[in-house]
Amino acid sequence: MSAVWNARYFFYIMVREKDVCWEYAEKLDGNKVKCKFCLRILNGGISRLKHHLSRLPSKGVNPCSKVRDDVTDKVLAILASKDDCKEVPLTKKQKREEPRSPVNRSLVTLETSSPVAKIFPNITQNTSSHVSDQENAERSIALFFFENKLDFSVARSPSYQLMIDSIAKCGKGFNGPTPETLKTNWLEIIKSEVSIQSKEIEKEWSTTGCTIIVETWTDNKSRALINFLISSPSSTFFHKSVDASSYFKNTKFLADLFDSVIQDFGPENIVQIILDNTLNCTSIVNHILQTYGTIFVSPCASQCLNAILKEFSKIDWVNRCIMQAQMISKFIYNNSSLVEMMKKFTVGEEIIKTGITKYVSHFLSLQSILKQRSRLKHMFNSPEFTNNPCYSNKPQSMPCIGIIDDNEFWRQVEECVAVSDPFLKVMREVSGGKPAVGSVYELMTKAKESIRTYYIMDDIKCKIFFDIVDQKWQSHLHSPLHSAAAFLNPSIQYNPEIKFLGSIKEDFFRVLEKLLPTPELRRDITNQILLFTRATGMFGCNLAKEAIDAVSPGIWWEQYGDSAPTLQRVAMRILSQVCSTSPFERHWSMFQQIHSDKRNKINKETLNDIAYVHYNLKLASSKGSKSTDIDPIQLEDIDMTSQWVEETENPSPTQWLDRFGSALDGNDLNTRQFSNSIFGPNDHLFNL
């Protein structure tokens, strides 16, 4: 028997090593393989690699973002033939007597124009009576998604259901627009409609002012792209994208670029410019401040808060706590049956969360794991787990059980959550796209006080966290505009528990002098300040008091500030501003393709128009779909390529998309891997 078994094992190894897909992978120790296209390390051997290269969604397998289309087609054909052999189980007698179907044999060598056709060769004939119209429609939509590498989150887009409803109204026989019609007629029509909307928003700038948001993307090949957006209370609009690769370190070029954008909107309408750390160089800031006396330059608040969380995660015991929690999540999420068991114990809830940045993900996930502490303990000590050798005998099992049963681990998780949660709350307020400049100073003060309260008996730890917050806040986040906005915010000014008003008064006066640069403009301003601070006249009426917590500070000033007209105008302009960039994912590869030297002028113009329409539609849907149930710092789906799920020695360079620019961290900001694969670096967008 031993000799027979050895012969079979030798035959299995020989067949395995001859698998054609090995040319696309490097065999590593154990049952691991490394994809030669994206360099991702996969557990599960050649079978898992095939699903990875197929680029089709599969449980626990992330699609390869860099595999060539011809390789994907080849792998799909292999998988199709394999699945076909499994489709109808045969008895031993049937296996001996029935030759393989010619149709099945043809699947291996079938050459068709679409990968879908290789997997479903009879898809167009699948109209049997037992299949409902609803099922056929859903199948067609699913095939459209899979064939075109569309992210599943597209199905959440408001225009997705609108499109389906419109087609349904047309009835059978409706023919969709051709590619040429989409690229010309419809692109021009929708671009025109978007432009009209942006012109409508401009009407409020004379009252509320606006903020220019500057987003920067750089890579390790000296590429630098800059996006300009314009934000006011009603909406945020994408203006344009500029390739600054050749001039990124050229102060004169950047100064001219900013001058042209400022003139596009009118310096008299602009209250502030938000720069990310990549562009926050002294020369550009000085140029703007010296050339335009009434414009402020501010940092991105979300970016600065992320830097604080990043420094928190570097503290030894915090980092150790995160890594131990990740050991638990990786053990669970790399076994589909264990995931099912976990969801049974957590009543369908995930134990980790994916945030808009890597560091937000760390602390959101610690919160989630802490919430599920008793259920996780119950699961790891249940007979369902301990009596199943598939789980309990795994090498990772004992360390995970040890962590779950370690009271010191849970005490440190509680500590991490207690310290980080106040700063996550600040990030939620400033990342939601609403005017939050009047709240950031108070929120940061409260977050600092929460640290002092928590560590009231531990001065050493309190100082460690205080030093991190103070260093980032004073050097990056704090702005005189934030102080002035806090002073003018009625919920702060009239709150007797607020103790910092005296410390921000000087900043407030400095901002007033900047916005009202002449004595004529400042006439009677002192009396108007007294009316506000003493709650005299309309400021002190019952309606004004009741509205403080009911409406935004900017609207409150519009309604009740008439007795102080000059201060009212200043307050409305300051309090109507955002303090962070927009919160949704961006595909910088689209902008890379727009600025590619290989594009001709017509293609670039078309791509510019597509980017303009795409970006503004995303911004509009983000603004219109705001709900109290939506967390602006958390993504809806778990990132299956994050450090909380994927076991990899060499993280993929595409696993974290930097939404705020590379200044934060090369691998910092987060999005789903499948989303990232939509526009690969070699893809030809829209066939242009």
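**View 1. Confidence along the chain of this predicted model.** The protein chain has an average pLDDT of 80, and 78% of the residues score at least 70; pLDDT is the predictor's confidence in each residue, from 0 to 100. Among the elements of the chain, the lowest mean pLDDT, 30, belongs to helix α33 (residues 673–676), and the highest, 97, to helix α30 (residues 565–575). Helices (H or I, at least four residues) and strands (E, at least two) are DSSP runs, numbered from the N terminus. Residues 1–17 stay under a pLDDT of 50, and the model has five contacts for them beyond four places in sequence, a contact meaning heavy atoms within 4.5 Å. Residues 650–688 also have a pLDDT below 50, with 133 contacts in the model beyond near neighbours in sequence. Because this is a predicted model, local features need pLDDT of at least 70 and side-chain atom pairs count only at pLDDT 80 or more, while totals for chains, interfaces and linings use all residues. Residues are numbered from 1 along each chain as its sequence is written, and side-chain values use heavy atoms, with hydrogens and water left out.

**View 2. The open sheet β1-β2-β3 and its helix.** Here three strands form an open sheet in the order β1-β2-β3, with antiparallel pairing; two strands pair if DSSP finds at least two bridges between them. At the edges lie β1 (25–27) and β3 (41–43), each pairing on one side only. Neighbouring strands of the sheet are turned by 30° against each other on average, direction ignored. Axes are lines fitted to C-alpha atoms, for helices over the stretch in contact, and angles run from 0 to 180 degrees between N-to-C directions. Three bridges link β1 to strand β2 (residues 32–35) in the antiparallel sense, and A25 has C35 as its bridge partner in β2. Helix α2 (residues 45–54) packs on the sheet, where it touches β1, β2 and β3, and its direction makes about 30° with that of β2.

**View 3. The β5–β6 hairpin.** Strands β5 (residues 224–232) and β6 (residues 235–243) run antiparallel and are joined by eight bridges. Two residues lie between the strands of this hairpin. Look for F228, which stands opposite K240 in β6.

**View 4. Helix α15 against helix α17.** Helices α15 (residues 336–345) and α17 (residues 373–380) pack at about 130°, with axes 9 Å apart. That angle makes α15 oblique to α17; angles under 35 degrees count as roughly parallel, over 145 as roughly antiparallel, 65 to 115 as roughly perpendicular and the rest as oblique. Their crossing is right-handed: a crossing is left-handed if the near helix is turned anticlockwise from the far one by less than a right angle, and right-handed if clockwise. On the α15 side M341, M342 and F345 meet R375, H378 and M379 of α17.

**View 5. Helix α16 against helix α21.** The axes of α16 (residues 358–371) and α21 (residues 407–431) are 9 Å apart, and the helices pack at an angle of about 125°. This makes α16 oblique to α21. The crossing of α16 past α21 is left-handed. Among the contact residues are F363 and L366 of α16, and W410 and V417 of α21.
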